[in-house]
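Please walk me through this model in the viewer, one selection at a time, and tell me what to look at on each stop.

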Amino acid sequence: MPTKSLLIYVGGRLLQAVPIMFVIILINFALIHAAPGDPVDILIGGADATPEYIEGLRREFGLDQPLWQQFVTYISKIVQFDLGYSLRYREPVLSLILGRMPATLLLMGTALFFSSLIGILLGVFAARRPYSVGDYTATFVSLAGYSMPVFWLGQIMLVIFALHLAWFPTQGMYSLRAPSQGFGRILDVAHHLVLPAITYSFYHLALIYRLTRIKMQEVLALDFITTARAKGVAEGRVVYRHALRNAILPVVTVIGLNFGFMLAGSVLTETVFAWPGMGRLLYEAVGARDYPVLMGLFTVLSVMVICANVITDVVYALVDPRVVYR
Amino acid sequence: MIARLRTIAIASAVFAAFSVGVPPAEAQTPKRGGTLIVALENEPQALAPHLTTDTPTFTTVSNVYNTLVLLDEKLGIIPDLAKSWTVSPDGLVYTFEIVENAKWHDGKPLTSDDVEYSFNELISKNHPRAGTWWNNVASAKATGKYTFVFTLKAPYVPFLSVLASPLASGAFIMPKHVYEGKDPKTNAANQAPIGSGPFKFVRWQRGSHVELVRNDQYWKEGKPYLDRLVLQIMPDAAARFLAFERGEVDFLHWYIVPYDQVAKLRKDKRFQLLSRGDAAGTNGLMLMNHRHSVLKNVKVRQALAHAINRETINQRALFGEAKVARSHVSSNVAWAFTDEYDYKLDPALANKLLDEAGFPRGADGKRFPLRLFWAAGRDYEGRGAEIIKDNLRDLGIDVTVQVFDRASFTDRVFRQWEFDLAMQLFTTGPDPTFAVTARYHTKQILKVPFVNGMGYSNPEVDAIFDTEFKEADVAKRAAMWRDIQKILMHDLPALPLFELPAIHAASAKFKDVVTGPQGYIESRESAYEIK
């Protein structure tokens with residue numbers, strides 16, 4: 001695969017993304033402001049503030065301006081990578097998001113990596129022995145995982161593995177009673193990571209497993225596989241080198257898409273497990289009608305989806321030599 | 001007015017511990033050390049009490065800053081930074097003597113200049129509730145290095161209660177040298193406070209926790225006892241409770257203790273339930289929109305009061321842990337409370353009242369429909385709404401229960417006035433002047449959250465509201481509050497349903513986690529670990 005044409009292709013895709021981003025921001029802005037509720041109400045909380053105070057807050061945050069003007073201000077700031085100022089936290093939105101990003105990337109990255117790996121292996125396993133007990137078991141478990149809502153599954157995981165078996169901690173990312181340093185801290189975070197990662201994995205695992213199984217079954221029935229076997233190629237090589245490589249393309253698409261959507265997927269998991277990531281920030285921002293934070297997160301989300309798409313295309317070229325970018 | 005000069009002697013905790021005999025069962029010397037982990041239901045907005053009324057903010061900063069005065073269990077005023085104070089006979093001049101050994105966490109001494117700056121520049125100009133009480137203040141001045149004087153425009157009896165209720169006033173004393181010359185809204189100390197309190201700020205790990213350590217130089221000798229105080233953010237109610245059961249978190253303040261779990265905790269030796277008075281006096285009410293064509297008739301509102309079974313709401317929605325609310329003032333505000341004007345459960349009378357009001361049953365047995373709104377988050381309000389729907393069905397009233405998220409609910413009820421009935425909590429303490437008057441006064445019919453969205457107006461009660469806070473004689477003032485409650489209970493701008501109990505839950509490994517009536521936002525300077 002020629003590197004130069006790939007670079008041109010990626011550059012082109014990213015350029016295309018600019019008008020898409022503009023439309024996305026416009027739609028987000030309209031939707032967020034169309035929702036009932038007023039950020040000022042949340043800011044003053046349970047207090048009976050005076051109308052003068054409330055007007056003062058409006059002016060301070062520019063909420064007294066006409067909506068179109070607020071939008072123009074927002075766009076002119078965003079081209080300078082300024083995502084504005086959080087109404088609730090009175091801090092720059094960008095630093096709030098960046099502060100929460102590592103936790104989400106760690107949780108979702110771990111969950112997506114392991115669920116993709118296990119999903120593919122299970123899918124291959126089931127496709128080689130279709131309608132066997134193993135196949136049915138894998139299908140049942142993955143469908144059950146897929147159908148259970150994350151918040152419910154999370155609670156059940158907590159009751160079994162945290163409360164009764166006491167294998168894992170229930171909340172947060174670190175032990176706060178006795179903080180550890182260095183390598184101990186890595187282990188500590190890993191220990192806290194297990195339950196939320198498994199909880200989120202179930203959903204993703206089912207998708208990958210089902211898709212891999214179907215595609216593998218299709219490919220394993222094709223003539224070139226029969227030919228390969230007839231040539232005396234070892235079965236492992238037939239399955240993993242010949243068949244899987246052909247079956248995996250749509251799986252790569254789904255994995256890529258899920259990476260893009262990880263922010264959306266993280267909201268419930270992070271809330272149940274008190275994981276300090278972007279999903280929780282999103283959840284809090286919705287409750288507080290914190291417009292700048294919501295806009296910022298949706299913008300970041302859109303960038304992530306676009307990037308995930310481009311990366312998926314590149315990975316395509318790596319796994320499938322037939323794909324050429326011009 | 002009777003001339004009155006009141007001086008309150010120093011009563012620092014150490015002094016009290018030596019002079020007052022401690023009961024033998026409690027004769028345990030607090031021991032140093034340990035980490036207390038407190039649950040927060042949400043991330044604090046900022047660690048800046050002058051900007052917000054956000055509870056997680058106050059639960060945190062009460063450990064870092066001090067107030068001038070505090071409330072005791074009976075809602076009396078006790079010293080914090082102010083070791084003593086006097087009130088002039090005309091009730092206009094409040095003179096405070098401030099402790100001389102208080103230091104900021106950066107080592108600078110705390111003086112009355114800081115007090116002056118906090119009130120004049122930070123609190124009065126920025127706090128959301130300043131508009132409700134600061135207009136009584138003519139001036140706030142440091143008259144000596146450790147002497148501070150408030151002069152009021154007119155007598156305002158609840159003044160000390162306001163200063164002792166930081167959640168209502170934001171009245172924490174903040175460092176002048178840190179805030180002066182900078183925008184109080186964007187000062188870096190809003191995220192990393194430098195206070196005078198028992199604990200020093202270490203870090204705020206966003207989304208995860210706030211960590212505080214013991215202030216070895218604390219001006220209250222011997223305190224605090226804990227080495228570390230961690231406030232961990234746990235947004236999910238069920239998971240938070242699991243963490244508490246597992247011992248990962250040591251303290252749940254009252255309104256995040258699930259009422260269905262209280263009975264279970266009461267029996268479990270690993271935990272303790274704590275209650276030391278209640279300054280908030282939180283009542284659950286059903287607001288009634290006085291603009292509604294049917295609800296504007298007082299007989300209809302009274303009929304609802306006779307038909308709704310509030311004891312069932314307490315038993316089924318709150319698992320019997322609450323009390324039926326019998327007035328617009330909580331029974332915790334004991335001097336003002338009266339249950340004399342409460343309604344008896346009497347469905348027959350309710351039916352009669354509705355017939356008299358001109359809303360007879362139709363051929364299908366129905367009278368009229370109503371909508372009842374509640375905001376997601378407090379499950380007991382939802383269960384209460386269903387019970388109300390049930391009770392009113394028997395009366396021929398078709399109730400549609402609708403749930404919204406909190407922001408939409410607030411918008412609909414308090415800004416659009418687009419509701420018939422709505423479930424809402426109102427505080428009624430520590431002093432009803434600033435907790436109750438604000439909800440029912442005619443001038444509070446504003447498109448502003450948590451005021452008179454009901455559109456209730458009665459000049460008679462307004463007249464008492466406008467004068468009662470000038471009455472220094474407690475008995476006379478209490479009589480005026482009885483008159484207020486009589487009118488409110490007759491007119492029913494809202495039907496009081498239940499009084500929420502302030503039951504905090506803590507691990508049995510700790511003592512004195514709660515010492516006063518503001519247990520959810522109090523400093524943990526007295527808390528210690530038993531071993």
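Which are the buried residues of helix 11 of chain A? Keeping in mind that this is a predicted model, select residues 262-272 of chain A, where ten of the eleven residues of helix 11 are buried and the helix is mostly covered. The buried residues are A:Met262, A:Leu263, A:Gly265, A:Ser266, A:Val267, A:Leu268, A:Thr269, A:Glu270, A:Thr271 and A:Val272. Continue along the chain to A:Ala274, which follows helix 11 of chain A and has a positive phi, near 50°.

Next, stay in chain A and select helix 5, residues 93-128, together with helix 6, residues 133-147; these helices pack at an angle of about 145°, and their axes are 8 Å apart. Their crossing is left-handed. To see where helix 5 and helix 6 of chain A meet, show the side chains of A:Leu122, A:Phe125 and A:Ala126 on helix 5, and of A:Gly134, A:Asp135 and A:Ala138 on helix 6, for these residues make the contact. By class, the residues of this contact divide into four nonpolar, one polar and one charged.

Now bring both chains into view and colour the place where they touch, to which chain B gives 48 residues and chain A gives 45 residues. On the side of chain B that touches chain A, the elements giving two or more residues are strand 1 (35-40), helix 4 (130-133), strand 12 (228-233), helix 8 (237-245) and helix 14 (406-415) of chain B. Of these, select helix 14 of chain B, which gives the most to that side, with seven residues. Colouring the side of chain B that touches chain A by residue class will show 18 nonpolar, 16 polar and 14 charged residues.

For the last stop, hide chain A and colour chain B by domain: domain 1 covers 2-64, 197-278 and 502-529, domain 2 covers 66-179, and domain 3 covers 283-499. The C-alpha centres of domain 2 and domain 3 of chain B lie 35 Å apart, and the contact takes 14 residues from domain 2 of chain B and eleven residues from domain 3 of chain B. On the side of domain 2 of chain B that touches domain 3 of chain B, the elements to select are helix 4 and helix 5 (159-163) of chain B, which each give two or more residues. What classes of residue make up that side of domain 2 of chain B? The residues there divide into ten nonpolar and four polar, with no charged residues.

Terms used
Residues are numbered from 1 along each chain as its sequence is written. Chains are lettered from A and ligands numbered from 1 in the order in which they are written. This is a predicted model: local features need pLDDT of at least 70, side-chain atom pairs count only at pLDDT 80 or more; totals for chains, interfaces and linings use all residues. Two residues are in contact if their C-beta atoms, placed from the backbone, lie within 7 Å. Helices (H or I, at least four residues) and strands (E, at least two) are DSSP runs, numbered from the N terminus. Ala, Val, Leu, Ile, Met, Phe, Trp, Tyr, Cys and Pro count as nonpolar, Asp, Glu, Lys and Arg as charged, and the others, Gly among them, as polar. Domain bounds come from an automatic or database domain assignment. A residue is buried if 20 or more other C-beta atoms lie within 10 Å of its own, exposed if 12 or fewer, and partly exposed in between; C-beta atoms are placed from the backbone. Axes are lines fitted to C-alpha atoms, for helices over the stretch in contact, and angles run from 0 to 180 degrees between N-to-C directions. A crossing is left-handed if the near helix is turned anticlockwise from the far one by less than a right angle, and right-handed if clockwise.
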